[in-house]
Amino acid sequence: MTATPALEAVSPKEIPAKTGAPLLAVEGLRTWFHTFSGTVKAVDGVSFALRPGEIMGLVGESGGGKSVVGFSILGLIDPPGRIEDGRILFEGRNLAGLSEAELRQIRGRDIAMVFQDPMTSLNPLHTVGRQMDEMLQLHTDLDAAGRRARCIEMLESVGISRAADRLSAYPHQFSGGMRQRVVIAIAMLARPKLVIADEPTTALDVTIQAQILKLMRRQIRDNGTAMILVTHDLAVVSEMADHITVLYCGKVVERGPTDDVIRRPAHPYTRGLIDSIPDPAHRQPRLKQIPGAVPDIRKLPKGCSFKDRCFRAEALCGERVPELVVQGDRAHACHYPLTEGDSR
Amino acid sequence: MTAMLEVENLTQEFRLGGSLLERMRFDKGRLSFPDKRVKAVNGVSFRIARGEVMALVGESGCGKSTVAKTIARIYRPTGGKIRIEGEDIAGYGVRELLPVRSRMQMIFQDPYASLNPRQRVRDIVAEPLLEQTTGTAARREVAERTLALLAKVGLNTEHAGRYPHQFSGGQRQRIGIARALSVNPGLIIADEPVSALDVSIQAQILNLMMDLRDEFGLAYLFISHDLSVVHHIADRVGVMYLGFLVETGPREHIFSAPRHPYTRALLSAAPSIEKTRSRPEIELKGEVPSALDLPSGCCFRTRCPLAFERCRLERPTLKPVGGGAEVACHLTDEPDRDRA
């Protein structure tokens, strides 16, 4: 495998493993939190599938449940949270039914996670080298020299110069962008099949964000890894993801190939999100806005959760929760979806 | 006509803290206590006309928020002039600043930290106005005005008696805006006012800010790292890097014909839902140098793909390049070196 220096979109041809059986299939996932003030249905019937080598963007606003989906896959839900229902099939095995010991075998080796804040996801008391070595000790049979060589190789591949010296450095000796490179290096060390990246560039500046996104794209392509990119930033998703899943109040409201969804959104919420981003090419005096705010998830309105903010809502929306309608590679959960003819 | 705000050669340095022991150095047998200084803002000049929106953009650590806070006189500037409608307030003390505060107010980034959690909304909004008025008749007026202001920013009368924690992030930012408007200022300094908000709420707040500008003829100094937001709201844009203003000009100049390599890099790094890129990309290597130890010559040369000998030796100054734009880059003198 060779690293391609130029920044290119990953075209589907380059990933032979992209077709065939899904690597991960989430089916009807419900993760609820039982708090004193009521049950928070943070994830309420979410389904999607991911094939090897694919990048899926998981998009939505705060409170949409996107991070909880990531945590559920890795079995990182603590009480009062609980996976109430649904299956998380990873290579055919249901992760939701595994014990903590069995999950530990999968975390890091098969599924790795990159968190938003590179400062809190590294241990400030251990050197970078030790934190990388720990991963390899747990998940590979390499001897000490082999592990060291692999760590150096990995640090170099994420663009950290003088890698051998940097192994003995502590996280505080790195800048934010460099720390996120280290976190990505640790995630990729054991050559996982799936990486869950939760807002990996949100804490970074745009020029550093561009570097990190390019790096992640290259790592994913070179290793044939699949990725779930959890983010609120549609622009980042549109540059990275093959397909996107839009969440609102714990439910999937829309799903499909990225370009297709962004060009022709079916759900009014997706349309609203896209229109809320100021578009430099078509500057207008006023931005299209979604009125109101995300409702309290403990007291969701009857019917569609989005109906109070929706410009197309009718009586039916207040009565019945819309089902996810699948049409080819697109899916939407709306009684009155937008069609090609609806003007912006 | 005098400008609403005119900043001239503004500099701001911060002494790094630390005890005498931490600062103690031995040099050739002599004991000294050198002073470490962060040069946060290095000679920034610009002006904002009445009713104009000027945005300062740049990455973290570029000094844009420090400029905002120094103009709002949360900090006392190390050097330079800050003229509000012609009156230089750079050296003013607390007492002298009080009347100035009715002409200039600030909106903060974090709507959770910038509202006192133990005050009711009506008291939060009324406070700046009460500072400026005395007497019971005036107090009644203040109460009326408070309710009117809440309505202006899209909140209602029953919200006045509530506490900040009962509101969402977007609503809190509305409260912050109502508080800033209470004294009827001509200039509002907004430091990343929408970056803590979700994108759908962001659009609501930006629309509100633009409506208020049209209604009250407000001028904004708008600090943001988000180029698409800046493109939407600003009439003029200043790009900052490491405490220097490297390029400034009308919105269309900055977004359609940027000259400084840093501006171009910033624009090409910004992700976009539009796939088309009209400009060639400039990709930056490495990271921003420390403001404790500025590079010689041009501040950007350590990351600039087009840097040459002169950039190391000589610090470029802002020069007009036509169309009301100014650029601080030696490439403007030597256009054939500009390959990208």
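The buried residues of helix α5 of chain B are T146(B), L149(B) and L150(B), where buried denotes 20 or more other C-beta atoms, placed from the backbone, within 10 Å of a residue's own, exposed 12 or fewer, and partly exposed anything in between. Because these buried residues cover an arc of only 95° around the axis, they sit on the same side of α5(B); the arc is that of the directions from the helix axis to the C-beta atoms. A general rule helps here: an α-helix has 3.6 residues a turn, so residues three or four places apart point the same way.

The model is predicted, with pLDDT of at least 70 needed for local features and 80 or more for side-chain atom pairs, while totals for chains, interfaces and linings use all residues. Residues are numbered from 1 along each chain as its sequence is written, and chains are lettered from A and ligands numbered from 1 in the order in which they are written.

Helices (H or I, at least four residues) and strands (E, at least two) are DSSP runs, numbered from the N terminus. Helix α5(B) covers residues 136–152, 17 residues in total, and its first and last C-alpha lie 24 Å apart, close to the 24 Å expected at 1.5 Å a residue (1.5 Å times one less than the number of residues).

Turned away from the buried side is a face carrying the exposed residues A137(B), R140(B), E144(B) and A148(B). The cover over the buried residues includes α4 (121–132) and α6 (169–181) of chain B, with contact meaning C-beta atoms, placed from the backbone, within 7 Å. After α5(B) comes G154(B), with a positive phi near 90°.

Terms used
Two residues are in contact if their C-beta atoms, placed from the backbone, lie within 7 Å.
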